[in-house]
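The following exercises are meant to be worked through with the sequence and the structure side by side. Try each task on your own before reading the solution beneath it.

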Amino acid sequence: MSVAADIGTASRSQGADEARLWASLASARDAGSFCQAWLDLQCARTRGVSAGLILLEGTGGAFAPAAGWPAGPQEHPHLRKVAEATLANGQVVVEGDADDPDTMGIGYPIAADGRMMGAVLLAVTGLTSPQMQLLLRELHWGVGWIHSLVWQHRSAGDEGRTEAATAAMDVLAAMQEHDTLAEAELALCNAATIALDADRVSLGLVQGDRVKLSAMSHGAWFRKRSDVAEALEAAMDEAMDQDMLLSVPLVREGDPILLQQDRLLALAGKGAVASVPMTDRGLPVGVLTIERAVDAEPFDARDLLLAETIAALVAPGIALRRREERWIGGRIRRHGMDGARALFGPRRPLAKALGIGALLLLMILFVPFAQFQVRADAELEGQVQRAASAPFSGFIARSQARAGDVVRAGQVLATLDDRDLIVDRARALGEVQQLDRRYREALAKHERADMSLAGAQLRQAEASLRLIEYKLARTRIVAPLSGVLVSGDLSQKVGTPVEEGDVLFEVAPLGSFRVVLNVAEEDVNYLRPGQQGRFAPTGLAGETVPFTVRRITSVTANVDGENVFRVEAELAGDRRAVLRPGMEGVAKVKIDRRSNAWIWTRGLREWLRLFFWKWLP
């Protein structure tokens with residue numbers, strides 16, 4: 001009776017333990033407790049088990065122990081080899097222990113959709129071949145519980161990823177509604193603030209080897225030199241340099257550097273901060289920094305997953321808009337395509353009219369059909385020009401002509417006062433007669449010395465008389481040739497003295513003129529003898545006279561502070577009768593055909609060329 005009682009007591013105790021293990025399995029609330037309860041139950045139901053272990057795939061694809069039996073730290077070198085073989089080939093592995101021939105290592109893979117998710121490892125002792133088959137059959141049925149756990153976690157993960165993808169798509173849609181980069185950045189920050197339940201979201205873009213703050217939520221403008229902006233850029237640089245998501249408080253395992261995240265947290269007075277790098281095709285684009293208020297919940301794994309999903313989705317769009325914002329291949333190309341569609345599309349007649357106008361303007365500016373001409377101030381002068389000057393010093397008695405009068409050769413133009421000359425002539429004539437009598441008396445007396453002296457004095461007096469008579473004959477100023485008086489008006493100078501050699505009148509013949517151009521030194525290189533031009537005298541009310549360039553001299557003059565060259569041209573046409581020497585006006589010489597843009601910018605280009613030549617080494 002005692003043996004039977006002991007057997008009954010042992011059976012009841014074993015049943016109670018098994019019931020407790022089943023209850024633990026049913027009440028497990030997380031994956032760890034579920035795996036431990038399952039392994040405890042499996043080992044308790046299996047004869048000869050000395051050790052058990054469950055390996056499951058963890059973060060980053062590494063396999064880590066999820067449960068072990070018996071409890072406590074243990075070393076199983078043989079099970080480690082069996083685990084490596086099971087995970088490598090994905091098949092059931094039954095392998096003996098070289099150190100303990102009675103112990104067998106069993107590895108049963110846990111796979112889902114052809115992917116290894118883990119393995120169940122058991123070390124058993126003293127099992128026969130039929131018992132081993134029975135054990136493998138039980139493991140086959142029992143591993144189904146682990147499969148259900150894996151699928152449950154995958155389903156929960158997929159659900160979380162689906163929610164994150166949906167929220168991220170909403171943010172992407174809000175950003176895609178805008179065309180320009182600045183508008184898209186602001187829309188991204190505002191939408192991400194709502195999706196992540198954040199207090200502020202900031203976006204920084206990579207420029208060179210640094211991240212520059214580009215946009216902040218709920219504000220179209222921010223101070224780039226403020227302490228908060230500098231702290232945000234430093235936190236973004238920290239995340240970009242480590243190429244990983246950084247969060248404070250720390251959510252994921254690892255040992256990242258969080259100095260700038262902590263500094264931003266303390267400076268901005270926030271409760272949590274996370275910086276998410278954004279990449280496009282492996283190249284860094286920017287960093288998204290999310291901040292939450294002090295009284296808000298800190299970031300969890302779901303929030304970080306959503307932030308990473310948003311960053312992954314919007315990074316290509318931000319990179320594309322940055323490329324489009326470039327002048328070369330970006331803005332120019334975009335505006336050019338928009339303009340081409342407006343010009344050649346079926347609509348927008350105003351754009352077509354403006355395009356035609358712009359084309360005509362470009363043709364006017366750049367097609368070389370404009371006549372390039374050299375402009376210069378010009379003056380008309382006679383080809384032959386003679387002067388009537390004062391023959392001796394005296395006073396003006398009368399004036400019979402003035403500038404502009406047409407005169408004949410020999411015509412009296414003015415008369416000098418001859419009264420003093422008449423007196424001098426009478427005195428000189430009396431002196432000549434007196435010296436002549438003295439000479440005759442000495443000749444009659446044969447006084448040779450007195451005769452020689454009187455003869456010399458007589459000749460001197462006769463010479464003085466001839467000089468006086470010559471001056472009396474020159475008191476009338478006559479025209480040296482027929483023509484027009486170019487200069488000289490003595491009507492207001494009657495009675496005024498003149499000096500010998502003073503030019504009183506200038507006469508030029510009619511019908512024989514030339515044009516003298518005062519050409520600026522920057523234009524003289526364009527002129528050649530034989531070129532045609534037209535002269536517009538001021539006195540002809542806009543009429544022009546053709547001429548031909550004949551001579552380019554090296555004579556220069558300074559006119560109004562500008563150095564000019566003298567260029568002579570011969571007149572042509574039938575307008576000579578109304579022209580007068582001394583007429584001034586404007587002359588233009590035809591050079592060749594050039595574009596209007598070249599003509600209008602010639603002065604600026606020559607000034608710039610001289611300026612850079614002067615200052616460049």
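Before starting, note that a residue counts as buried when its relative accessible area is under 20%, as exposed when it is over 50%, and as partly exposed in between. Keep in mind throughout that this is a predicted model.

**Exercise 1. Salt bridges around R514**

Task: Find which side chains meet R514 in a salt bridge, and decide for each residue whether it is buried, partly exposed or exposed.

Solution. Begin with the general idea that side chains of opposite charge can pair when their charged atoms come close. The structure holds 19 salt bridges, and one of them joins the side chains of E381 and R514, with a distance of 2.8 Å from N to O. Next, locate the partners: E381 belongs to strand β11 (residues 370-382) and R514 to strand β20 (residues 513-520), so this pair ties together parts that lie 133 residues apart in sequence. Then apply the cut-offs: E381, with a relative accessible area of 18%, is buried, while R514, with 23%, is partly exposed.

R514 also meets the side chain of E568 in a salt bridge, here at 3.9 Å from N to O. This pair again links distant parts of the chain, since E568 sits in strand β23 (residues 562-571) and R514 in strand β20, 54 residues apart. E568 has a relative accessible area of 12%, and because this is under 20%, the residue is buried. As a last step, put the pairs into their wider setting: E381, R514, R566 and E568 are linked in a network of salt bridges.

**Exercise 2. A salt bridge between β22 and β23**

Task: Describe the salt bridge that R550 forms with E570, and state where in the chain the two residues lie.

Solution. First take the distance, which is 3.0 Å between the closest N and O atoms of R550 and E570. Then look at the positions: R550 is in strand β22 (residues 545-559) and E570 in strand β23, so that the pair links parts of the chain 20 residues apart. Finally, compare with the cut-offs: R550, at 49% relative accessible area, is partly exposed, and E570, at 32%, is partly exposed too.

**Exercise 3. Two helices in contact**

Task: Work out how helix α5 and helix α8 are oriented to each other, and what kinds of residues make their contact.

Solution. Start from the axes of α5 (residues 181-195) and α8 (residues 301-325), which come within 10 Å and cross at roughly 170°. Because angles over 145 degrees count as roughly antiparallel, the two helices α5 and α8 are roughly antiparallel to each other. The contact is made by L181, A184, E185, L188 and A195 of α5, together with residues of α8 including L306, I310 and V314. Sorting the residues of this contact gives eight nonpolar, no polar and four charged.

**Exercise 4. Backbone features in loops**

Task: Examine the backbone at P249, R281 and H446, and say in which loop each residue is found.

Solution. Take the peptide bond between V248 and P249 to begin with: it is cis, with omega about 0°, and P249 is found in the loop between β8 (246-248) and α7 (259-268). Turning to R281, its phi is near 55°, a positive value in a residue other than glycine; R281 lies in the loop between β9 (272-280) and β10 (283-292), and with a relative accessible area of 70% R281 is exposed. For H446, phi is likewise near 55°, the loop is the one between α11 (419-444) and α12 (448-473), and the relative accessible area of 69% makes H446 exposed.

Methods
Residues numbered from 1 in each chain as written. Predicted model: local features only at pLDDT ≥ 70, side-chain atom pairs only at ≥ 80, totals over all residues. Heavy atoms only, no water. Salt bridge = Lys/Arg side-chain N within 4 Å of Asp/Glu carboxyl O. Helix = DSSP H or I, 4+ residues; strand = E, 2+ residues; numbered from the N terminus. Buried < 20%, exposed > 50% of the residue type's maximum accessible area, 1.4 Å probe, protein only. Axes fitted to C-alpha atoms, helices over the stretch in contact; angles between N-to-C directions. Parallel < 35°, antiparallel > 145°, perpendicular 65-115°, else oblique. Contact = heavy atoms within 4.5 Å. Nonpolar A, V, L, I, M, F, W, Y, C, P; charged D, E, K, R; others polar.
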